[in-house]
Amino acid sequence: MSQISFENSLEALQKSDKKDCQYGSASAFELENFLKSFSNILQNNSQKNISVTELSSFLNSFKKHLERERKSGQTINIFDVLGLGHDEKKHCMFLAWLLDPRGSHGHGGLFFHACIAQLTAYQGDKDILSGNYTVRTERCPLGDMADRVDIVCEGRDFLCYIEAKIDTWEHGNQTIRYWKKLATCANGRKTALIYLADGSKPACDSAIPLSWKTLSESLDRLREEPSCQLTPFLHELVRQYALFIRRFHGKG
């Protein structure tokens with residue numbers, strides 16, 4: 001990371017004072033990028049010497065932006081407050097709620113279509129677009145409690161299993177067993193096995209990998225899409241969750 005990059009990052013952070021955002025301050029992302037730039041410089045052997053003036057400027061900018069974020073409420077994350085942590089079961093409960101066309105979010109199959117269907121042959125499926133499918137958690141298609149599929153999405157024309165992993169890998173070739181069970185349960189329907197994880201690959205070659213980072217990015221794009229018309233509350237809830245799951249990137 002060059003000295004110019006450090007100065008440019010600082011300048012961008014200072015300019016963000018003038019920016020406004022419909023749903024709060026946009027400076028959190030600039031602050032995050034600036035901190036990464038500063039950290040990279042400290043770790044770079046060729047850039048050990050940082051002047052007192054530069055360090056003082058950094059500390060002043062950091063304090064100012066941190067205070068602004070706290071006062072605006074932008075540092076609040078309800079998922080942190082509730083202690084969601086890396087609890088896979090609780091994450092799957094929230095994801096199932098988003099994917100459920102009958103969820104109280106009131107947007108039908110919007111989230112499923114944006115985050116899951118785009119990865120599969122389901123894109124444009126009429127049942128998904130109309131919300132004519134079910135979403136359930138902790139299902140045991142193999143009849144064994146040790147083989148619980150985290151999320152099952154099922155419609156007349158498709159069957160989808162979603163297996164989520166946080167800070168761990170699959171055990172005993174789970175995805176291979178799930179894929180075989182999908183084939184027997186499909187009855188001619190389109191099938192998909194989504195492996196939601198960062199840092200590990202599914203044992204089954206037919207499984208579709210989806211990283212938490214990619215999911216986070218999909219949620220961010222969706223909430224910023226004007227045609228979606230999310231309520232301010234749902235917009236903020238999705239923003240906070242997308243921000244929360246970014247920390248899983250590279251885990252596993």
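Start by selecting N173, which sits in the loop between β3 and α8. This is a predicted model, so treat what follows as a walk through a prediction. Check the backbone of N173: phi is positive, about 55°, although the residue is not a glycine. With a relative accessible area of 42%, N173 counts as partly exposed.

Now stay in that loop and pick D167, which is also found between β3 and α8. What is the sign of phi at D167? Positive again, at about 60°, and D167 is not a glycine either. D167 has a relative accessible area of 40%, so it is partly exposed.

**Out of the loop, onto the helix**

Next, highlight α8, residues 174-186. This helix lies across β2, β3 and β4, and its direction makes an angle of about 160° with β4. While you're on helices, bring up α5 (88-99). Which strands does α5 lie across? They are β1, β2 (149-155), β3 (158-164) and β4, with α5 running at about 175° to β1.

**The sheet**

Hide the helices for a moment and show the strands. You should have 5 of them in an open sheet, ordered β1-β2-β3-β4-β5, with mixed pairing. At the edges are β1 (133-139) and β5, each of which pairs on one side only. On average, neighbouring strands of this sheet are turned by 20° against each other, direction ignored.

Zoom in on β4, residues 190-196. Is this strand mostly buried or exposed? Of its 7 residues, 5 are buried, so β4 is largely enclosed by the rest of the structure. Look at how β4 is held on either side:

- Towards β3, the pairing is parallel and runs over 7 bridges. Select I162 and I194 together to see one pair of bridge partners, with I194 being the one in β4.
- Towards β5, the strands also run parallel, joined by 3 bridges. Here, L196 stands opposite L210 of β5.

If you show side chains here, keep one thing in mind: in a regular strand they alternate between the two faces of the sheet.

**Just past β5**

Step along to S211, in the loop between β5 (208-210) and α9 (212-223). Is S211 buried or exposed? Its relative accessibility is 18%, and the cut-off for buried is under 20%, so S211 counts as buried. Select whatever touches S211, skipping neighbours within four places in sequence, and you get L196, A197 and D198. L196 is a residue you've just met, opposite L210.

**A greasy spot on the surface**

Swing round to I76, I78, V81 and L82 and switch on a surface representation. Together they form a nonpolar patch with about 390 Å² of accessible area. Click on L82, in the loop between α4 (78-81) and α5. L82 has a relative accessible area of 62%, so this leucine is exposed.

**Zoom out**

Finally, show the whole chain. How many helices and strands are there? The protein chain has 10 helices and 5 strands. Of its 252 residues, 44% count as buried. Its accessible surface comes to about 13300 Å², and 53% of that belongs to carbon and sulfur atoms. If you plot a contact map, look well off the diagonal: among contacts between residues at least 6 apart in sequence, 63% join residues at least 24 apart.

Technical notes: Residues numbered from 1 in each chain as written. Predicted model: local features only at pLDDT ≥ 70, side-chain atom pairs only at ≥ 80, totals over all residues. Heavy atoms only, no water. Helix = DSSP H or I, 4+ residues; strand = E, 2+ residues; numbered from the N terminus. Buried < 20%, exposed > 50% of the residue type's maximum accessible area, 1.4 Å probe, protein only. Contact = heavy atoms within 4.5 Å. Patch = residues over 30% accessible without salt bridge, like charges linked within 9 Å, V, L, I, M, F, W, Y side chains within 5 Å. Areas by Shrake-Rupley, 256 points an atom, 1.4 Å probe, with all protein chains shown as cover. Salt bridge = Lys/Arg side-chain N within 4 Å of Asp/Glu carboxyl O. Pairing = 2+ DSSP bridges. Axes fitted to C-alpha atoms, helices over the stretch in contact; angles between N-to-C directions.
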